[in-house]
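Work through the following exercises with the sequence and the structure side by side, and try each task before you read its solution.

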Amino acid sequence: MLDSSVLEFGAGALALRNYLPQSCRYTPSDLVDRGVGTIVCDLNADELPVFPEHDTVVFSGVLEYVNDVPRLIKHIAPICRSIVVSYITPSAKRTKSLVRRRAHGLVNDYSDRNLRDILLRNGFDCVRESMWENHNLFLFSR
C-alpha cells in the first residue's frame, strides 16, 4: 500500500485511515460529510458521481444497503485495480434471516457466489476470501 491510494465507501469514523501507511492517499466517502476530502454521495442515487481513480476501493458493510449492486460495481470498475468487500451473506435459515436483514435495513441478499459473479463480470478475480464473525471478506483484483 506504499504510495498507493484507497477510496473507502461508508467511511464512518475513518478508522481505516489509521491502518494505512502515511504515504497512502486515503479518500473517504459517505452519505454525510466526514471532513476534508470526503466524497459525499448516496450509492442508491439515480446518478452516481464520477469518482477519481484509486488503486483500491473498499466496501466494508456497505453493499448490503445498495439497491443495485451490479450497477454500482460496473460504475466503480473502471477507476480501480482492486476491490475489498466485507459483506454479510444471508444464513441458511433463509426466511428468518431475510426478516432480520430487512429489520436491520439491509436491502439485498447476495450469496458469496453471487458477489463473486458480479465482480467477475466486471473484470475482477476473487484472489482471497475469508470469514470474520458473520462477514464474508473478499479481495478482488484485476
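**Exercise 1. Pairing inside the sheet**

Find which residue in E5 is the bridge partner of threonine 56, and then work out the order in which the strands form the sheet.

*Solution.* Begin with threonine 56, whose bridge partner in E5 is serine 82. Keep in mind while you look that this is a predicted model. As a next step, widen the view from that one bridge to the two strands, E4 and E5, which pair in the parallel sense over 5 bridges. A general point helps here: strands of a sheet pair through backbone hydrogen bonds, either parallel or antiparallel. Following the pairing across the structure, you arrive at an open sheet of 7 strands in the order E3-E2-E1-E4-E5-E7-E6, with mixed pairing. The edge strands of this sheet are E3 and strand E6 (125-132), each of which pairs on one side only.

**Exercise 2. Strand E2 and its two partners**

Determine how many bridges join E2 to E1 and how many join E2 to E3, and decide whether strand E2 is mostly covered or mostly open.

*Solution.* Take the E1 side to begin with: strand E1 (residues 5-9) and E2 run parallel and are joined by 5 bridges, and one place to check this is serine 5, whose bridge partner in E2 is arginine 25. Then turn to strand E3 (residues 39-40), which also runs parallel to E2 and is joined to E2 by 2 bridges; here serine 29 stands opposite isoleucine 39 in E3. Finally, look at how E2 (residues 25-30) is covered, and you will find that 5 of its 6 residues are buried.

**Exercise 3. A glycine in a loop**

Locate glycine 37, state whether glycine 37 is buried, partly exposed or exposed, and name the residues that glycine 37 touches beyond four places away in sequence.

*Solution.* Glycine 37 has its place in the loop between E2 and E3. Its relative accessible area is 49%, and since the label "exposed" requires a value over 50%, glycine 37 counts as partly exposed. Leaving aside residues up to four places away in sequence, glycine 37 touches Thr27 and Pro28. The C-alpha atoms of glycine 37 and threonine 27 are separated by 6.4 Å, although these residues are 10 residues apart along the chain.

**Exercise 4. The largest core and its rings**

Identify which members of the largest nonpolar core touch the most other members, and explain why the ring pair of phenylalanine 9 and phenylalanine 59 ties together separate parts of the sequence.

*Solution.* The largest nonpolar core has 29 residues, and those touching the most other members are Phe9, Leu43, Phe59, Ile76 and Ile83. Several elements give two or more residues to this core, including E1, strand E4 (56-60) and helix H1 (69-76), and the largest share, 4 residues, comes from H1. Now single out phenylalanine 9, which is buried with a relative accessible area of 1% and whose contacts include Ser29, Cys41, Leu43 and Ile76.

The rings come next. The whole structure holds 4 aromatic pairs, and one of them is the stacked pair of phenylalanine 9 and phenylalanine 59, with 5.0 Å centre to centre and 10° between the planes. Because phenylalanine 9 lies in strand E1 and phenylalanine 59 in strand E4, this pair ties together parts that are 50 residues apart in sequence. Phenylalanine 59 is likewise buried, at 0% relative accessibility, and ring pairs link Phe9, Phe51 and Phe59 into a cluster.

**Exercise 5. The two sides of H3**

Name the buried residues of H3, and explain why they can be assigned to the same side of the helix.

*Solution.* List the buried residues of H3, which are Leu115, Ile118 and Leu119. These residues cover an arc of only 95° around the axis, and therefore they lie on the same side of H3. A general rule is useful here: an α-helix has 3.6 residues a turn, so residues three or four places apart point the same way. The cover over the buried residues of H3 includes H1, E5 and E7, whereas on the other side of H3 Arg113 and Arg121 are exposed. To finish, follow the chain to glycine 123, which lies just after H3 and takes a positive phi of about 90°.

Note on methods: Residues numbered from 1 in each chain as written. Predicted model: local features only at pLDDT ≥ 70, side-chain atom pairs only at ≥ 80, totals over all residues. Heavy atoms only, no water. Buried < 20%, exposed > 50% of the residue type's maximum accessible area, 1.4 Å probe, protein only. Pairing = 2+ DSSP bridges. Core = buried A, V, L, I, M, F, W, Y, C linked by side-chain atoms within 4.5 Å. Contact = heavy atoms within 4.5 Å. Phe/Tyr/Trp six-rings, centres within 6.5 Å; stacked < 30°, edge-to-face > 60°. Arc of directions from axis to C-beta.
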